[in-house]
Amino acid sequence: MTERKPPGVSFESWVDRQIRQAEARGEFAELPGAGKPLPEVTDTPYDELWWIKRKMAREGLSVLPPTLALRKEAEDALVAASAAPSERAVRRIVEDINAKIREVMFKPPPGPPLGLKPYDVEQIVRDWHTARAGRSPGDRDTGNRKTDGAM
């Protein structure tokens, strides 16, 4: 719409005229969701950040507190370490996640407590060797990689 309100015409009547003309042209006839209730209005209480949440859901985004994101990253690191092609890769993966865990332990971010301690690199490497040899990791249990039962 590039038309400007003419001088001397009240704003309300000018807007009403624009709407009436658009209706006459059929511009409102095929709008998506026409005649249906708004789901946000009927299903949930009002939230002033509704548009941000809808955009994040549409884009497939999620935001976790830093400690929860690190817990997920630590869990993924253990899975990656067990599937690593070499002992060197296992050590690198576990040492990288341990560095992040130590950083959070000494400089806690906002959010829930981390609840993790650095992993025992040697135990994870032993488990990796055991799994590669075809035995279950519990056959040679000489340590505990889960130090606090958080994972």
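Buried means under 20% relative accessible area, exposed means over 50%, and partly exposed lies in between (1.4 Å probe, protein chains only). This is a predicted model, in which local features need pLDDT of at least 70 and side-chain atom pairs count only at pLDDT 80 or more, while totals for chains, interfaces and linings use all residues. Residues are numbered from 1 along each chain as its sequence is written, and side-chain values use heavy atoms, leaving out hydrogens and water.

**Exercise 1.** Find the partner of R25 in a salt bridge, and say how accessible each residue is.

*Solution.*
- Start with the rule: a side-chain nitrogen of Lys or Arg lies within 4 Å of a carboxyl oxygen of Asp or Glu.
- R25 pairs with E27, with the closest N and O atoms 2.7 Å apart.
- R25 has a relative accessible area of 53%, so R25 is exposed.
- E27, at 46%, is partly exposed.

**Exercise 2.** Work out how far apart K55 and E59 are in helix 3.

*Solution.*
- Helices are DSSP runs (H or I, at least four residues), numbered from the N terminus.
- K55 and E59 are 4 residues apart in helix 3 (residues 50-59), which means about one helical turn separates them.
- Their side chains form a salt bridge at 3.2 Å, N to O.

**Exercise 3.** Which parts does the salt bridge of E122 and R91 tie together?

*Solution.*
- The two side chains meet at 2.7 Å, N to O.
- E122 sits in helix 6 (residues 121-132) and R91 in helix 5, so the pair ties together parts 31 residues apart in sequence.
- E87 joins R91 and E122 in a network of salt bridges.

Key. Helices (H or I, at least four residues) and strands (E, at least two) are DSSP runs, numbered from the N terminus.
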